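Below is a series of questions and answers on how the parts of one protein chain are held against each other. Please keep the sequence and the coordinates in view while reading.

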Amino acid sequence: MKEKDQHYAAMKRILLASMILLPVVPFILALWIGHYHFTSALENSTIASITRIVEDHRHMIDSFLAERRSDLEFVLNTHSYESLGRPETLKRALALLQQSSSAFVDLGVFDQSGMHVAYQGPFELKWKSYRDEPWFKAVMEKGVYISDIFLGYRKVPHFVIALAKQDGASRWVIRATIDTQMFNELAGRVRIGKTGEAFLLSAQGTFQTERRSGGRLMAQDPDFGWYPVEDQRVRIFIESDRQGDTYLYATTRLTNKNWLLVVRQEKADAFKALSTATHLILLISLLGGAVIIAVAFYLTDRIVARIQQTDREKNQLNEQLIRAHRLSELGEMAAGFAHEINNPLQVMKSEQALIETIIADLKASGQLPESEDLKDLEDSVSQISLQIARCSKITHAILRFGRKSEDAVQDFDIQTFIPEVIEMVAKKASVEGIAIHREIQDGPVFIHGDPSQLQQVLLNLFNNAMDAIIARHGTMGGELTVSSAPTGNGRVRITVNDNGCGIDAGNLDKIFSPFFTTKPVGKGTGLGLSVCYGIIQNLGGAMTVQSAPGEGATFVIDLPTTAA
């Protein structure tokens, strides 16, 4: 038993491993391939999106600065130093610039010594000297200059656009201040997800626009050191800032100013869809894996249980075959014993007949007068004759039963055959206190078949009925009724009725199934009724049963009849 349990346990492990691994491996591969291609596509899409955003934003800022420079060039080219030096002319020029763009805050004119000779705007800057200011030196040298954010005389962060013009031997300058707040909103006008932001850095890494996540104007960006600053190409990379937050960066340089445009978004926010897809794939993997494992356990248990059931039925069948073989051998041995006993019985019968003849001759010759001893002798001889006849009857019954496997198909009278079979169990019934009632209709009724097979059917029904009667009544009150009568349609009906314990309704449908038995283990093969059912069908008949627990059982056999 332990070895069988180990065998089934090993089989279960192999089946379970196969049923889990076979679908799980392709399932995981399919998920991995799908996840790989999906994440690659999503990453490429995100990178392409942020690249397009930084390029568009750079173009917008470059266009803004170029337009403001063109506005100032128009003023510079349409006015002389003297005319712009007049307040009313400078005021009209500033109004004209502000009509073009509200970003212009003020407008001033400088002579070549850096003296602020004319000014229109909200500050008191006229007659201030800018000779040593970096922006003034740069514009005098280059002719056009856009400054970084600086404080200047007004002590607030701002930047200017300045242009220089050569008039003969003198050189003068006009300068306009750009609204820092407006430019800050323009440059920072990027909304990507929840954390996307854009800002400008000078060549030294100071903020030229404010950063929403923290970064004041003119403050130093602590992460500036590892920004790629080589050229105007868009650079995409992922880095962690000084606070440890990881960002997806896109950087590029402006065309009209040496400022670095930085667009960044937190990595978790930028790849939120990727994270969602990853979590969804993990959830699907877990659920799919759980379903596969659950189904594998269920099917493995079912398969192993079915194999165990098949093995049990196989072993049971082998045991039944061995038992049937032993019964067959026992039947052959019984037939042999009956044959061997029958020979001496014949001799004994002959000797008994000889004794009777001698006694009759002696009595006739007067040599043996009547006496009590003679009468006892004749009674003994008569008892010997009776017992010899009884033994002969038993041996002939055994011989007929032993010849059941032989092909002996013939027409025989069922009405005389049934009483003979009843006689074979009459003694047993008498011992068990069972009364056998015979309701055999008079007159011959012939059927065509093997008498030994029908004998087997009737004996099986009689023995089953007596077992059921004994189980319910013991040795008192048992009744077995056997009836037989033609039904008038060329058939004869044999009924075997008992008042035994009956059959449960749930067993009635299985009563003729092979190996089904309600008897204790070792007392029934489960083949008797199934064999009987097959025999009756081979005879062209039908066998049915009616029963209820506690009400006995009635087996009905319908057989076709033949002409006498």
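Q: In which helix do D71 and R68 both lie?
A: In this predicted model, D71 and R68 form a salt bridge whose closest N and O atoms are 3.2 Å apart. The two residues are three apart in the sequence, about one turn of the helix. The helix that holds both of them spans residues 2-78 and is α1.

Q: Are D71 and R68 buried or exposed?
A: Residues count as buried under 20% relative accessible area and as exposed over 50%. By that division D71 and R68 fall into one class, and both are buried.

Q: Which residues are joined with R68 into one network by salt bridges that share partners?
A: The salt bridge between R68 and D71 does not stand by itself, since shared partners join it to a network that also holds E67. Besides R68, the members of this network are E67 and D71.

Q: How many residues apart in sequence are the parts that the pair of D223 and R242 ties together?
A: The side chains of D223 and R242 meet in a salt bridge, at 3.7 Å from N to O. D223 lies in the loop between β6 (197-201) and β7 (235-240), while R242 lies in the loop between β7 and β8 (246-253), so the pair ties together parts whose separation in sequence is 19 residues.

Q: Which residue of this pair is exposed, D223 or R242?
A: D223 has a relative accessible area of 1% and is therefore buried. The relative accessible area of its partner is 59%, and the cut-off for exposed is over 50%, so the exposed residue is R242.

Q: In what order do the five strands of the open sheet stand, and which strands are at its edges?
A: The pairing within the sheet is mixed, and the twist averages 10° from one strand to the next. The order of the strands is β11-β13-β14-β16-β15. Two of them have a single partner strand each, so one side of each is left without a neighbour in the sheet; these edge strands are β11 (434-440) and β15 (542-547).

Q: Which residue of β16 is the bridge partner of A542?
A: β15 and β16 (residues 553-560) pair in the antiparallel sense over six bridges. For A542, the bridge partner in β16 is D558.

Q: Which helix packs on the sheet and touches β11, β13, β14, β15 and β16?
A: Helix α9 (residues 414-431) packs on the sheet and touches β11, β13 (478-486) and β14 (491-498), its direction making about 175° with that of β11. The helix with contacts to β15 and β16 as well covers residues 451-473, and its direction makes about 150° with that of β13; this helix is α10.

Q: With which residue does D558 form a salt bridge?
A: D558 is buried, with a relative accessible area of 17%, whereas its salt-bridge partner counts as partly exposed at 38%. The pair links strand β16 to strand β14 across 65 residues of the chain. The closest N and O atoms are 2.9 Å apart, and the partner is R493.

Q: What is the arrangement of the aromatic pair formed by F512 and F555?
A: F512 lies in the loop between α11 (505-508) and α12 (528-538) and F555 in strand β16, 43 residues apart. Both are buried, F512 at 19% relative accessible area and F555 at 8%. Their ring centres are 6.4 Å apart with 75° between the planes, and since planes over 60 degrees apart count as edge-to-face, the arrangement is edge-to-face.

Q: How far apart are the sulfurs of C532 and C501?
A: C532 counts as buried at 1% relative accessibility, whereas C501 counts as partly exposed at 34%. The structure holds zero disulfides, and for the sulfur of C532 even the closest cysteine sulfur, in C501, is too far for a bond, the separation being 18 Å.

Definitions and conventions: Residues numbered from 1 in each chain as written. Predicted model: local features only at pLDDT ≥ 70, side-chain atom pairs only at ≥ 80, totals over all residues. Heavy atoms only, no water. Pairing = 2+ DSSP bridges. Helix = DSSP H or I, 4+ residues; strand = E, 2+ residues; numbered from the N terminus. Axes fitted to C-alpha atoms, helices over the stretch in contact; angles between N-to-C directions. Contact = heavy atoms within 4.5 Å. Disulfide = S-S within 2.5 Å. Buried < 20%, exposed > 50% of the residue type's maximum accessible area, 1.4 Å probe, protein only. Salt bridge = Lys/Arg side-chain N within 4 Å of Asp/Glu carboxyl O. Phe/Tyr/Trp six-rings, centres within 6.5 Å; stacked < 30°, edge-to-face > 60°.
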